[in-house]
Amino acid sequence: MNSILLVSGASKGRDSLAALLKTGGYLQIASAFSGSEARRLLGQNDHSLILINTPLPDELGHDLAVFAARTTAAGVVLLVKADAADSIAARVENDGVFVIAKPLNRQFFFQSLKLAEASRRRLLTLQGENLKLQKKVEEIRMIDRAKCVLIQYQHMTEPQAHRYIEKQAMDRRLTRREISQEILSIYES
């Protein structure tokens, strides 16, 4: 289990939330007392969950929640007073922030944390898939550039250039990307 960043300006609220989190099995808890301190900690460490108990001494907390949701892959949970929960939720939910009304219901609190963790895992999976697709597109572009170079300088047709790259990769036990890089380094230098 990764760490939690607990942001709360009130020491009493921070201590009671930390104790509650520990009873739920969350043992790695970092604390911040203000929005500015939390922003600094976000840049230093990777947290799996960010729990913000509003209001904070230097801001209300919803701007910090949106900032954290946009700049990290952590699940973000915002604790707000019940009378403001709906209006704040309308502002932050589009950014993926979970809003929980205070006073807390223990069972609902832990269910919300589990949902935030599940959404984080899904986001990380999607980011991984996106990265693989970006690498694949980059590889295809490189191979296509190498084909164009072969067509231009070796006067091959597109099928001949494709076959040449494939055959070189098989014969030399290299990837098509490596063969394409070699071709580009020869002709584009």
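In the predicted model, T54 touches L60, G61, L78, L79, V80 and K102 when residues up to four places away in sequence are not counted. T54 is placed in the loop that runs between strand 3 (49-53) and helix 3 (62-71). Its relative accessibility is 9%, and T54 therefore counts as buried, the limit for that class being under 20%. One of the residues in the contact list, L79, also takes part in a polar contact, in which the side chain of T54 reaches the backbone oxygen of L79 at 2.6 Å.

The peptide bond that follows T54 is likewise of note. T54 and P55 are joined by a cis peptide bond with omega of about -5°, and P55 lies in the loop between strand 3 and helix 3. A cis peptide bond is also found between K102 and P103, where omega is about 5°. P103 has its place in the loop between strand 5 (97-102) and helix 5. K102 is among the residues that T54 touches, and T54 and K102 each precede a proline across a cis bond. Most peptide bonds are trans.

A further polar side chain, that of S8, was examined in strand 1 (residues 4-8). S8 has a relative accessible area of 1% and is therefore buried. The side chain of S8 makes a polar contact with the side chain of N53 at 3.1 Å, and it reaches the backbone oxygen of A10 at 3.3 Å. With neighbours within four places in sequence left aside, S8 is in contact with G13, R14, A32, F33, N53 and L56. N53 thus appears both as a contact of S8 and as its side-chain polar partner.

In helix 1 (residues 11-23), A18 was considered. A18 counts as buried because its relative accessibility is 17%, which falls under the 20% limit. Apart from residues up to four places away in sequence, A18 touches L6 and I29. The C-alpha atoms of A18 and S31 are separated by 8.9 Å, and these two residues are 13 residues apart along the chain.

At the level of the whole protein chain, seven helices and five strands are present. From the N terminus on, these elements run β-α-β-α-β-α-β-α-β-α-α-α. The radius of gyration is 25 Å, well over the 16 Å that the globule rule gives for 189 residues, so the protein chain is more spread out than a compact globule. The C-alpha trace spans about 75 × 30 × 25 Å along its principal axes. Buried residues account for 39% of the 189 residues. Of the contacts with a separation of 6 or more, 60% are between residues 24 or more positions apart.

The largest pocket encloses about 180 Å³ of space. Strand 4 (75-81) and helix 5 (106-154) are the elements that give two or more residues to its lining. Helix 5 provides the largest share, with six residues. In total the pocket is lined by 15 residues, and A74, G96, S119, R120 and L123 lie nearest its centre. By residue class, the lining divides into eight nonpolar, four polar and three charged residues.

Two residues in the loops between the last helices have a positive phi. H155 is found in the loop between helix 5 and helix 6 (158-172), and its phi is near 55°, a positive value in a residue other than glycine. R173 has its place in the loop between helix 6 and helix 7 (176-187), and phi of R173 is again near 55°. Most residues other than glycine have a negative phi. H155 is exposed, with a relative accessible area of 66%, and R173 also counts as exposed, at 77% relative accessibility. The limit for the exposed class is over 50%.

Notes:
Residues numbered from 1 in each chain as written. Predicted model: local features only at pLDDT ≥ 70, side-chain atom pairs only at ≥ 80, totals over all residues. Heavy atoms only, no water. 1 Å grid on protein atoms, 1.4 Å probe; cavity = no way out; pocket = protein on both sides within 12 Å on 5 of 7 lines; lining within 4 Å. Points joined across faces, edges and corners; volume = space filled by probe spheres on them. Helix = DSSP H or I, 4+ residues; strand = E, 2+ residues; numbered from the N terminus. Nonpolar A, V, L, I, M, F, W, Y, C, P; charged D, E, K, R; others polar. Buried < 20%, exposed > 50% of the residue type's maximum accessible area, 1.4 Å probe, protein only. Polar contact = N/O pair within 3.5 Å; in protein donor to acceptor, adjacent residues only side chain to side chain. Contact = heavy atoms within 4.5 Å. Rg over C-alpha atoms; globule rule 2.2 N^0.38 Å.
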